[in-house]
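This briefing goes through the main structural features by topic. Please read it alongside the sequence and the 3D view.

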Amino acid sequence: MARQPAPLCPSTTAAPGVEGVHLTGVVGSDGRVANLLTPLPVDDAFLAEANRHGTPERRFRFSAPCVEGRCENWQAGQGGEGGQCGLIGRIRTHVAAHAPAEPPPAGLQPCAIRARCRWWQQDAAAACAVCTLVTYNP
Ligand code: SF4
């Protein structure tokens, strides 16, 4: 049986050394992320140019394979089996508490990584409803 590709973290840093990083979105002037229809591989030249204008993660969204237990947001399952990302739950709670008047999106926004997205796999449309508000903030 073919091995499933690793789930993707939809909001990661693009620091040198992070493997498999792709540019997946651009933060608009309204603070919301507009997803690219095609993820773009990130190379050192892009990062060097992007860093000349400030922290790239404040202007772009990047994805990379979820590193699970090597991430501080990972919550291991019972007995070390399974587990999940704790970040999306905290983001949803934060948005519900601080932006209750925020109208939910009418539908799912285009997303090129949805099928492999860790947050989608956990929370489905509820994750997508807050995803465009998220910027990685080192
Ligand atoms: S545990 Fe969550 S925040 Fe950490 S790499 Fe995986 S998806 Fe990203």
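Leu23 has Phe62 as its bridge partner in S4. The model that shows this pairing is predicted. Strand S2 covers residues 22-27 and strand S4 covers residues 60-65, and the two run antiparallel, joined by four bridges.

**Sheet**

- Another residue with a bridge partner in S4 is His22, which is matched with Ser63.
- The sheet is open and has four strands, in the order S1-S4-S2-S3, with antiparallel pairing.
- Its edges are strand S1 (8-9) and strand S3 (33-41), each of which pairs on one side only.
- S1 is joined to S4 by two bridges in the antiparallel sense, and within this pairing Cys9 stands opposite Ala64 of S4.
- Five bridges connect S2 with S3, again in the antiparallel sense; the bridge partner of Val26 in S3 is Ala34.
- S2 and S3 make a hairpin with five residues between them, and Gly31 in the turn has a positive phi of about 85°.
- In a regular strand, side chains alternate between the two faces of the sheet.
- S4 is largely enclosed by the rest of the structure, because five of its six residues are buried.

**Nonpolar core**

- The largest nonpolar core has 22 residues, and Leu8, Phe62, Trp119, Ala127 and Cys131 touch the most other members.
- At least two residues of this core come from each of S1, S4, helix H2 (87-98), helix H3 (118-123) and helix H4 (125-131).
- H4 gives the largest share of the core, with four residues.
- Leaving aside residues up to four places away in sequence, Trp119 touches Pro10, Cys85, Ile88, Ala127 and Cys131.
- Two of these contacts of Trp119, Ala127 and Cys131, are also named among the core residues that touch the most other members.
- In soluble globular proteins, nonpolar side chains tend to be buried together.

**Ligand surroundings**

- Which residues surround the ligand? They are Cys9, Thr12, Cys66, Val67, Cys71, Asn73, Trp74, Cys85, Leu87 and Arg118.
- By class, this shell has seven nonpolar residues, two polar residues and one charged residue.
- Cys9, which stands opposite Ala64 in S4, is one of the residues around the ligand.
- Cys85 is also in the ligand shell, and Cys85 is one of the residues that Trp119 touches.

**Positive phi outside glycine**

- Most residues other than glycine have a negative phi.
- Glu68 is not a glycine, yet its phi is positive, at about 50°.
- Glu68 sits in the loop between S4 and strand S5 (74-76).
- Is Glu68 buried, exposed or partly exposed? Glu68 counts as partly exposed because it has 17 C-beta neighbours inside 10 Å, which lies between the limit for exposed (12 or fewer) and the limit for buried (20 or more).
- Ala124 is another residue other than glycine with a positive phi, near 50°.
- The loop between H3 and H4 holds Ala124.
- Ala124 has 13 C-beta neighbours inside 10 Å and therefore counts as partly exposed.

**Exposed positions and spacing**

- Pro5 belongs to the segment before S1.
- Pro5 has 9 C-beta neighbours inside 10 Å, so Pro5 counts as exposed.
- Pro5 and Arg32 are 27 residues apart along the chain, and their C-alpha atoms are separated by 28 Å.
- Ala125 lies in helix H4, the element that supplies four residues of the largest nonpolar core.
- Ala125 is nevertheless exposed, because 11 other C-beta atoms lie within 10 Å.
- A separation of 12 Å is found between the C-alpha atoms of Ala125 and Ala115, which are 10 residues apart along the chain.

Notes. Residues are numbered from 1 along each chain as its sequence is written. This is a predicted model: local features need pLDDT of at least 70, side-chain atom pairs count only at pLDDT 80 or more; totals for chains, interfaces and linings use all residues. A residue is near a molecule or strand if its C-beta atom, placed from the backbone, lies within 6 Å of it. Ala, Val, Leu, Ile, Met, Phe, Trp, Tyr, Cys and Pro count as nonpolar, Asp, Glu, Lys and Arg as charged, and the others, Gly among them, as polar. Two strands pair if DSSP finds at least two bridges between them. A nonpolar core is a set of buried Ala, Val, Leu, Ile, Met, Phe, Trp, Tyr and Cys residues joined through C-beta atoms within 7 Å. Two residues are in contact if their C-beta atoms, placed from the backbone, lie within 7 Å.
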